[in-house]
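Biologist: Let us go through this model together. I want to know what stands behind each label.

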Amino acid sequence: MVIRSQIAGVGSYLPARIVTNQELERSVDTTDAWIVERSGIRQRHIAAEGETTSDLAFEAAKAALAHAGMTADDIDLIIVGTATPDHTFPATAAKVQARLGMTKGVAFDLQAVCSGFVFAMATADNFIKAGQAKAALVIGAETFSRILDWNDRGTCVLFGDGAGAVVLKSAQGQGTTADQGILSTHLHSDGRHYDLLYVDGGPSSTKTTGHVRMKGNEVFRHAVVNMAEVVGEALAANGLQSTDIDWVVPHQANIRILEGTARKLAIPKDRMVVTVDRHANTSAASIPLALAEAVNDGRIKRGQLILLEAMGGGFTWGACLARY
Ligand code: COA
C-alpha cells in the first residue's frame with residue numbers, strides 16, 4: 001500500500017469588482033480588440049481597497065473545507081502559493097491559519113509566482129506521503145493588481161486578482177494510476193531567465209514593493225516549450241498518453257499559450273478548462289480557480305484524470321497529474 005494525497009474538496013473566491021477591457025480603454029492606451037486578440041482576456045476581478053491576499057485566501061479555504069465536508073480542526077498543513085503576500089512577513093498562510101481558528105499545524109507561503117499552486121501541491125503531497133501531514137489546505141491567492149504598473153499597457157491588461165484552494169487528505173492506494181489522488185508531480189526552475197518576468201522591487205534590493213516587468217514575447221516562447229515538456233514528463237512517468245487525460249487545467253496566462261501547448265500535446269481544446277477570458281492571469285490562483293469552476297459545474301467528475309500545468313517567473317514550471 002502507498003499513501004496518496006486525495007483531493008477532498010475545492011473552493012475559490014473572486015473579488016466582487018469586475019473591470020472590463022472597455023473600462024481599461026478609458027485609462028490605458030489600449031483597445032478591447034488588441035487585448036482579446038493577443039490574450040483572450042475580456043475582463044478581470046480586482047480586489048477592493050483594503051481587501052488583501054489573505055482575505056481572498058481565507059474565503060477560498062472556507063469554500064474548499066465546506067466542499068470537503070471538513071473543518072479547520074482536520075487540517076494540519078496550510079501552504080499558500082503567492083507572490084503578493086499581505087506583508088513581507090509573516091506568511092499569508094499564518095494569517096489564514098489564525099482566521100480559521102487553528103492553533104495547531106504548520107502554515108507557510110511558497111513563492112513560485114504563476115507556478116506557485118503546482119509547487120504548493122507538490123510540497124503538500126510530499127508532506128502527506130512522508131507521513132508528516134494528514135490533511136492540507138493548498139491555496140493559490142494573489143492581488144496582482146497591487147504590483148501592476150497601470151501605465152505599462154504591456155502588462156497591466158493581462159492580470160487579475162483571486163484565490164482558489166484544494167483540501168488534500170492522506171489515503172491508502174495501490175500505487176497504480178487507477179488510484180484516486182495525486183499520481184505524480186514534476187517541478188523545474190531555471191533562474192537564468194529571471195529578468196524576462198520579474199518585479200523591480202523587494203525589501204533587500206530596493207526597499208520598495210516594485211512593479212511587474214515582462215518581456216512578453218520571450219516569456220511566450222519559453223512558456224509553450226516548457227509546459228509541453230513537463231506535461232510529457234508527467235505522462236511518461238505514469239505510462240500514460242495525452243488521450244488518457246480527461247481534463248487539462250492549465251495556468252491561465254493567455255489563450256494563445258493554452259492553445260499552443262494543447263496543440264503541441266495533441267490535446268483537444270474541449271478537454272481544457274479555460275477561465276482566462278473572465279479571470280485574466282491570476283498567477284498562483286488561476287489553476288485552483290479553474291479547477292473549482294470545473295468541479296462545481298460538473299465537468300470534472302470523480303475518477304477522472306486531471307492534469308495541472310503551469311509556468312511562471314523564475315522561470316518556474318511544473319505539472320501535477322491526479323485522479324480526482
Ligand atoms: N494594447 C495595445 N497595444 C499594445 C499593448 C496593449 N495593451 N501592449 C503592447 N502593445 C503593443 C506594443 O507596444 C507593440 O507595439 P509596437 O509594435 O508598435 O512596438 C505591439 O503591441 C506588439 O507587442 P508585442 O509585445 O510584440 O506583442 P505580442 O504579440 O508578443 O503580445 C503579449 C504581447 C504580452 C500579449 C504576449 O507576448 C504574451 O502573452 N506573452 C506572455 C505573457 C504571459 O503570459 N506572461 C505570464 C506568464 S506566467
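Modeller: Start with two terms. A residue is near a molecule if one of its heavy atoms lies within 4 Å of it, and helices are DSSP runs of at least four residues, numbered from the N terminus. Bear in mind that this is a predicted model.

Biologist: Which helices each supply at least two residues of the shell around the ligand?

Modeller: Helix H2 (32-39), helix H6 (153-156), helix H7 (216-237) and helix H8 (255-264) do. H7 gives the largest share, four residues. In total, 21 residues surround the ligand, and among the closest are Thr30, Arg153 and Asn254.

Biologist: What makes the pair between the ligand and the side chain of threonine 30 a polar contact?

Modeller: The cut-off is 3.5 Å between N or O atoms. A ligand nitrogen is 2.6 Å from an N or O atom in the threonine 30 side chain, within that cut-off. The side chain of asparagine 254 also qualifies, with an N or O atom 2.4 Å from a ligand oxygen. Arginine 153 takes part through its backbone: a polar atom there is 2.9 Å from a ligand nitrogen. The protein covers 71% of the 960 Å² of accessible area that the ligand has on its own.

Biologist: Why is the ligand said to lie between domain 1 and domain 2?

Modeller: Domain 1 (2-173) and domain 2 (181-323) both give residues to its shell, so the ligand lies between them. By residue class, that shell has 10 nonpolar, seven polar and four charged members.

Biologist: Now the sheet. Why are strand E1 and strand E5 called edge strands?

Modeller: The order is E1-E7-E6-E4-E5, an open sheet of five strands with mixed pairing. Strand E1 (2-13) and strand E5 (106-110) each have a single partner strand, so one side of each lacks a neighbour in the sheet. Neighbouring strands are turned by 20 degrees against each other on average, direction ignored.

Biologist: How do you know that E4 and E6 pair?

Modeller: Pairing needs at least two bridges. Strand E4 (residues 77-81) and strand E6 (residues 135-143) have five, and they run parallel. So they pair. In one of the bridges, isoleucine 79 has valine 138 in E6 as its partner.

Biologist: What kind of peptide bond joins phenylalanine 89 and proline 90?

Modeller: A cis one, with omega about 0 degrees. Proline 90 sits in the loop between E4 and helix H4 (92-99). The bond from glycine 314 to phenylalanine 315 is cis too, with omega near -10 degrees.

Technical notes
Residues are numbered from 1 along each chain as its sequence is written. This is a predicted model: local features need pLDDT of at least 70, side-chain atom pairs count only at pLDDT 80 or more; totals for chains, interfaces and linings use all residues. Side-chain values use heavy atoms; hydrogens and water are left out. A polar contact is a pair of N or O atoms within 3.5 Å; within protein, one must be able to donate a hydrogen and the other to accept it, and residues adjacent in sequence count only if both atoms are side-chain atoms. Accessible areas come from the Shrake-Rupley method with a 1.4 Å probe; for residues, only the protein chains shown count as cover. Ala, Val, Leu, Ile, Met, Phe, Trp, Tyr, Cys and Pro count as nonpolar, Asp, Glu, Lys and Arg as charged, and the others, Gly among them, as polar. Domain bounds come from an automatic or database domain assignment. Axes are lines fitted to C-alpha atoms, for helices over the stretch in contact, and angles run from 0 to 180 degrees between N-to-C directions.
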